[in-house]
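Me: Hi! I have a structure open and would like to talk it through with you. Can we go step by step?

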Amino acid sequence: KKLLIDDRYYKVDLVFYHRILKRHIIIELKAHRLNYSDVAQLNMYLAYFRKNIMLSDDNEPIGILLCSEVGQEMAEYTMMSADANLFLSRYELELPSKEQMTEFLRKENESLQ
């Protein structure tokens, strides 16, 4: 989705509308390590949607920022001032090997017992 802010266009990676929850879900995908400007960008998109896109009976939009790498301190500091509806996570660029997945599931099962 393209957003016109002042005289510049910005492109949101993915926008969904959840009909039951009555809210927009804005997803930004970053193929790099988390940067403070990524959080600021998504904060701006959330503010734009509140002001220009939301209907009066809609719930607040949710922003999801997915980065290929997230530094713990950078995440902590940038999220302190971020919108309460902004969520951050790390994603994998490729699927884990069969061995890695088996080990992960084994550990998860052990932690549940």
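Reply: Happy to! One term before we start: strands here are DSSP runs of E, at least two residues long, numbered from the N terminus. Also keep in mind that this is a predicted model.

Me: Got it. So how do strand 1 and strand 2 fit together?

Reply: They form a hairpin, with two residues between them. Strand 1 covers residues 2-5 and strand 2 covers residues 8-11; the two run antiparallel and are joined by four bridges.

Me: What is the phi of Asp6 in that turn like, positive or negative?

Reply: Asp6 has a positive phi, about 55°.

Me: And which residue does Ile5 stand opposite?

Reply: That would be Arg8, in strand 2.

Me: What does the charged end of Lys2 sit over?

Reply: The ring of Tyr9. The charged end of Lys2 is 5.4 Å from the centre of that ring.

Me: Nice. Switching to rings, how many aromatic pairs does the structure hold?

Reply: Just one aromatic pair. Its partners are Tyr48 and Phe49, arranged edge-to-face, with 6.4 Å from centre to centre and 70° between the planes.

Me: Are Tyr48 and Phe49 buried or exposed?

Reply: Both Tyr48 and Phe49 are buried.

Me: Let's zoom out. How many helices and strands does the protein chain have?

Reply: There are three helices and six strands. Starting at the N terminus, the order of elements is β-β-β-β-α-β-α-β-α.

Me: Why is the chain described as more spread out than a compact globule?

Reply: Because its radius of gyration is 17 Å, well over the 13 Å that the globule rule gives for 113 residues. The C-alpha atoms fill a box of roughly 50 × 30 × 25 Å along the principal axes.

Me: How much of the chain counts as buried?

Reply: Of the 113 residues, 29% count as buried. As for surface, the chain exposes about 8200 Å², and carbon and sulfur atoms supply 54% of that.

Me: One last residue: where is Asn35 found?

Reply: Asn35 is in the loop between strand 4 (23-33) and helix 1 (36-53).

Me: Why does Asn35 count as partly exposed?

Reply: Its relative accessibility is 30%, so it counts as partly exposed. The cut-offs behind this are under 20% for buried and over 50% for exposed, with partly exposed in between.

Me: And how far is Asn35 from Val70?

Reply: In sequence, Asn35 and Val70 are 35 residues apart, while in space their C-alpha atoms are 8.6 Å apart.

Note on methods: Residues numbered from 1 in each chain as written. Predicted model: local features only at pLDDT ≥ 70, side-chain atom pairs only at ≥ 80, totals over all residues. Heavy atoms only, no water. Pairing = 2+ DSSP bridges. Phe/Tyr/Trp six-rings, centres within 6.5 Å; stacked < 30°, edge-to-face > 60°. Buried < 20%, exposed > 50% of the residue type's maximum accessible area, 1.4 Å probe, protein only. Lys NZ or Arg CZ within 6 Å of the ring centre and 35° of its normal. Rg over C-alpha atoms; globule rule 2.2 N^0.38 Å. Areas by Shrake-Rupley, 256 points an atom, 1.4 Å probe, with all protein chains shown as cover.
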